Amino acid sequence: MSLLLIDDAGLEWPATSRKLREAFGSPYSGSEFVDYAIANLGFVGIDNYGASCQLRLRPSLVSEACWRGVSKWLRRARSERVVVSWLGSGWSYELIRSTDVALRRVENLITSTTTARPDDFLSRPLGLDEISPLSALGQIVRDWANLSTPSGQGKLRQLVEATLGDRYVLVEKSSDDGRLMFQEFGQGLFAPYETWRSCAIGAPIEEQPDRNYGRWVATAYQEVLIANQPRIAKVDAIVRWPHAGRARMRYKQVIVPILTSAGQRTLLGGPIFDNQIDLRVGLG
């Protein structure tokens, strides 16, 4: 028998990997760490018994990248019997005698438990009267016409970086399929997910620890790219973090188009956290 873990970036690890345990600062080892990673980090454990295997997962936490890694492993293994064990309110078990059926079954489990609720992600544009004209953010809004020209790009980036600090992301459109891809992270973004961050450069921006939140964010960035106008908005989001479950995030969302020296348009964005934001007043 062999045991491996597939992490939230879709990478395969031996269950005994010390490097993996250290990356998450886990005090656990052996089977305790495997159980912890499956229940709290969204990893999938695979016990391989030759012609048979067992998948262990918590569907609500499994990322798209992790699921792709599991699918790749299953198709490669072509096991004759797959036991699917998943954690919801308790553990459930199902024996499936086909790799293809097992793939469809697990995908349905993941989809059914990670579907966003209608009011999970709320936003509204920030009014001009809500932005101090003396702040860097106020200068961006007030002087956008001049800052968006090639000669103003240096000043624009300085203002955005002053606004966001180390909580920023640089996004670029792929020349292959037109998807928006991560190009650079500030150290303050996704700090608890260093393993994921190390693999995320060059990945589509929707592939975030919470896939529904990632898709929602990707839509906002696409809209800014098309409009070629900065987006300043209040956000009140319920995000499903692998290490903490569902958590509320409230922040001002800043996304600004910036020209590179080669004349290519990129997007620089990030959050300004503000727990006074409340877009849920009056929601049923």
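Leaving aside its neighbours within four places in sequence, which residues is valine 44 in contact with? They are Leu4, Leu5, Ile6, Arg56, Leu57, Val62, Cys66 and Val70. Do keep in mind that this is a predicted model. The briefing below starts with the protein as a whole and then visits a helix, two strand residues and two loop residues.

**The protein as a whole**

- The secondary structure amounts to nine helices and twelve strands.
- Measuring along the principal axes is simple to picture: the C-alpha trace spans about 65 × 45 × 35 Å.
- The protein has 284 residues, and 51% of them count as buried.
- Among contacts with a separation of 6 or more, 54% come from residues 24 or more positions apart.
- The accessible surface is about 13,900 Å², and carbon and sulfur atoms contribute 49% of that surface.
- If you are thinking about charge, there are 34 positive and 31 negative side chains, with the centres of the two sets 2 Å apart.

**Valine 44 in strand β3**

- Strand β3 covers residues 44–48, and valine 44 belongs to this strand.
- Valine 44 counts as buried because its relative accessible area is 2%, below the 20% cut-off.
- Arginine 58 is 14 residues away from valine 44 in sequence, while their C-alpha atoms are 7.7 Å apart in space.
- The contacts of valine 44 named in the opening include Leu4, Leu5 and Ile6, as well as Arg56 and Leu57.

**Helix α9 and its two ends**

- Helix α9 runs over residues 211–227, which makes 17 residues.
- From first C-alpha to last, α9 reaches 25 Å, close to the 24 Å expected at 1.5 Å a residue.
- At the start of α9, aspartate 210 places a side-chain oxygen within 3.0 Å of the backbone nitrogen of asparagine 212.
- The buried residues of α9 are Arg211, Asn212, Tyr213, Gly214, Val217, Ala218, Ala220, Tyr221, Val224 and Leu225.
- An α-helix has 3.6 residues a turn, so residues three or four places apart point the same way.
- Just after α9 comes asparagine 228, with a positive phi of about 55°.

**Two loop residues with positive phi**

- Asparagine 228 sits in the loop between α9 and β10, the latter being residues 231–241.
- Its positive phi, near 55°, occurs in a residue other than glycine.
- Asparagine 228 counts as partly exposed because its relative accessible area is 32%.
- Arginine 78 is not a glycine either, yet has a positive phi of about 50°.
- The loop that holds arginine 78 lies between α3 (64–77) and β5 (81–87).
- With a relative accessibility of 48%, arginine 78 counts as partly exposed.

**Aspartate 236 in strand β10**

- On the other side of the asparagine 228 loop, strand β10 contains aspartate 236.
- Is aspartate 236 buried or exposed? Aspartate 236 is buried, as its relative accessible area is 0%.
- What joins the side chains of aspartate 236 and arginine 248? The two side chains share a polar contact of 2.6 Å.
- Leaving aside neighbours within four places in sequence, aspartate 236 is in contact with Asp120, Phe121 and Leu122, with Arg248, Met249 and Arg250, and with Ile277, Asp278, Leu279 and Arg280.
- Arginine 248 therefore appears both in the contact list of this buried aspartate and as its polar partner.

Notes. Residues are numbered from 1 along each chain as its sequence is written. This is a predicted model: local features need pLDDT of at least 70, side-chain atom pairs count only at pLDDT 80 or more; totals for chains, interfaces and linings use all residues. Side-chain values use heavy atoms; hydrogens and water are left out. Helices (H or I, at least four residues) and strands (E, at least two) are DSSP runs, numbered from the N terminus. The expected span of a helix is 1.5 Å times one less than its number of residues. Buried means under 20% relative accessible area, exposed over 50%, partly exposed in between (1.4 Å probe, protein chains only). A polar contact is a pair of N or O atoms within 3.5 Å; within protein, one must be able to donate a hydrogen and the other to accept it, and residues adjacent in sequence count only if both atoms are side-chain atoms. Contact means heavy atoms within 4.5 Å. Accessible areas come from the Shrake-Rupley method with a 1.4 Å probe; for residues, only the protein chains shown count as cover. Lys and Arg count as positive and Asp and Glu as negative; His and the chain ends are not counted. The place of a charge is taken as NZ of Lys, CZ of Arg, CG of Asp or CD of Glu.
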